[in-house]
Number of protein chains: 2
Amino acid sequence: MGQDASQPAPEEVRRGPVGVFDSGVGGLTVLHELLVQLPAEDFVYLADSARFPYGARTQAELERFALQVADELLARRVKLLVVACNSATAAALPALRARLMQTTLGVEVLGVVQPGAVQAVAATRNGRVGLLATPATVESGSYARAIADADPFVKLTSVPCPDLAAIIEAGFPFDQHVVDTVRDYTTPLREAGVDTVVLGCTHYPLVRPMLQRMLGRRVNIIVSGDPLAHQVEHVLGARGLANPRERGEGNYSFLCTGDTEAFRALGTRFLQLPLGAVEHLELGADRRGAMAGAAR
Amino acid sequence: MGQDASQPAPEEVRRGPVGVFDSGVGGLTVLHELLVQLPAEDFVYLADSARFPYGARTQAELERFALQVADELLARRVKLLVVACNSATAAALPALRARLMQTTLGVEVLGVVQPGAVQAVAATRNGRVGLLATPATVESGSYARAIADADPFVKLTSVPCPDLAAIIEAGFPFDQHVVDTVRDYTTPLREAGVDTVVLGCTHYPLVRPMLQRMLGRRVNIIVSGDPLAHQVEHVLGARGLANPRERGEGNYSFLCTGDTEAFRALGTRFLQLPLGAVEHLELGADRRGAMAGAAR
């Protein structure tokens, strides 16, 4: 570790932002939890929406994209990196950790999969957990591994939901088609008798009320942003990196590789807080091997 | 009581809807909690928006309006009545209870004030509770009395918020003006060191993320719909009135004394679930002493 846990980091490092990234607006549900749970911190959110969706990319592409994004955020002096995207977490977390630990400060990287899996294992009473996620995330096996790591005796029922993220992004207010689609996806979970369901895609918290109604209120619904925000707080505390701000809330800002107005229009529904300015950023989408910082 | 607690009510009564009413869209945040927590029940929601806002009315007017609404909902065979409006609860709960207990079935009436007050008393650890509400609700003293009834040693800090409900109704996405207004109202609560805050207006759950961020995540925020939904479940259970539906979710429908399209447009933000059909209803707004059922 770059930081000695027994003493706080230099003040300018502690006052640095937490970096958060995703391929689009979905990760804003994670940022929402971070803003609500860690009001003293500053955040910078990078949406790589020019290359959305990440679910359709190869593992090698995702690793390359994630390293580009990480370089860009490091250049903006982030003190911690949060991967608010299930696909990028599954594909790139080890590579990101290896790269960011080599930096002078040893920047930690946290992803969305493990905190949600751990919270699901902690929450279940009957040992039957459900997962709703994109086909790519289900196929990656990342949740199955993380849950088995936490408790090998938990039985996981995974439901791939091919069109759910797109339907959530397209439609507000939600209509009967959304209700029927969500109900279809919950059927295998009800049949399996799960008492805990992990939302394995950052878009899905927007249909949480619908899911809770269909699954019944005694089923625990795990939204990754919640345990992830706890983990961020623990890491900042353990590394002496917590922002020393004593009054008022921190700042948050946005970088977007795609259309900034489209990002803003969609993003407000996902963040549930005012969005503020969105800055456009070029990351050299198709220049293989291009380094992020150099591509601007 | 019209029902013997030891045996269930007749099946046609158990299959009847729960009636919910408010002067507008605010009570939809209460209906939201009821739909999520009690998916097997049917609901009928009456928005008396022709006479909105109730906060500007006299106690005598509110009592008359509430009895009109109750008669209309009784004609639709509701098995329980929920007053999802702080003003109407403060002004009309005793009169409603007296009237509805005289009916053949002895229909129970539940309001939003007491469950929120009880939950706040149960949640506080330092005995300091905050209240955010409209000036009319603060002046009515209904929360102060309900909290003192639950624990006379709890210190209540009440903040009247004259324009907050109107700002919430007017603006989405929320902008910096909303943030600044909400922050001003939280200042006295931070200064008083409260660890629990009751949202004493049904509009305020829409700024809950903002409030949690400003107050800090360790402050409990009490949204009345949550404990009220628990109370509804207890009453239905105790009176043998729970809907025997075993599969699927119940139905919910809307009656509105004002502009149905305006209600629908605003309502989706408050309900967070598809709204479906909204039926227009005349309640004889200005005919003093008119009975609701007869006024259609």
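Is A:Arg15 buried, partly exposed or exposed? Good morning, colleagues. In this predicted model, A:Arg15 is partly exposed, and its relative accessible area is 40%.

I shall speak about salt bridges. Counted over all chains, the structure holds 28 of them, and I have chosen a few to discuss.

Let me stay with A:Arg15. Its partner in a salt bridge is A:Glu11, and the closest N and O atoms of the pair lie 2.7 Å apart. A:Glu11 has a relative accessible area of 42%, which makes this residue partly exposed.

I turn next to A:Glu72. This residue forms a salt bridge with A:Arg76, with 2.9 Å between the closest N and O atoms. How accessible are the two partners? A:Glu72 counts as buried, because its relative accessibility is 2% and the cut-off for buried is under 20%. A:Arg76, by contrast, is partly exposed, with a relative accessible area of 24%. The pair also belongs to a wider arrangement: A:Glu72, A:Arg76 and A:Glu279 are linked in a network of salt bridges.

My last example lies in helix H9 of chain A, which covers residues 176–192. Here the side chains of A:Asp180 and A:Arg183 meet in a salt bridge, at 3.4 Å from N to O. How far apart do these two residues stand along the helix? They are three residues apart, so about one helical turn separates them. A:Arg183 counts as partly exposed at 26% relative accessibility, and A:Asp180 is partly exposed as well, with a relative accessible area of 33%.

Thank you for your attention.

Terms used. Residues numbered from 1 in each chain as written. Chains lettered and ligands numbered in written order. Predicted model: local features only at pLDDT ≥ 70, side-chain atom pairs only at ≥ 80, totals over all residues. Heavy atoms only, no water. Salt bridge = Lys/Arg side-chain N within 4 Å of Asp/Glu carboxyl O. Buried < 20%, exposed > 50% of the residue type's maximum accessible area, 1.4 Å probe, protein only. Helix = DSSP H or I, 4+ residues; strand = E, 2+ residues; numbered from the N terminus.
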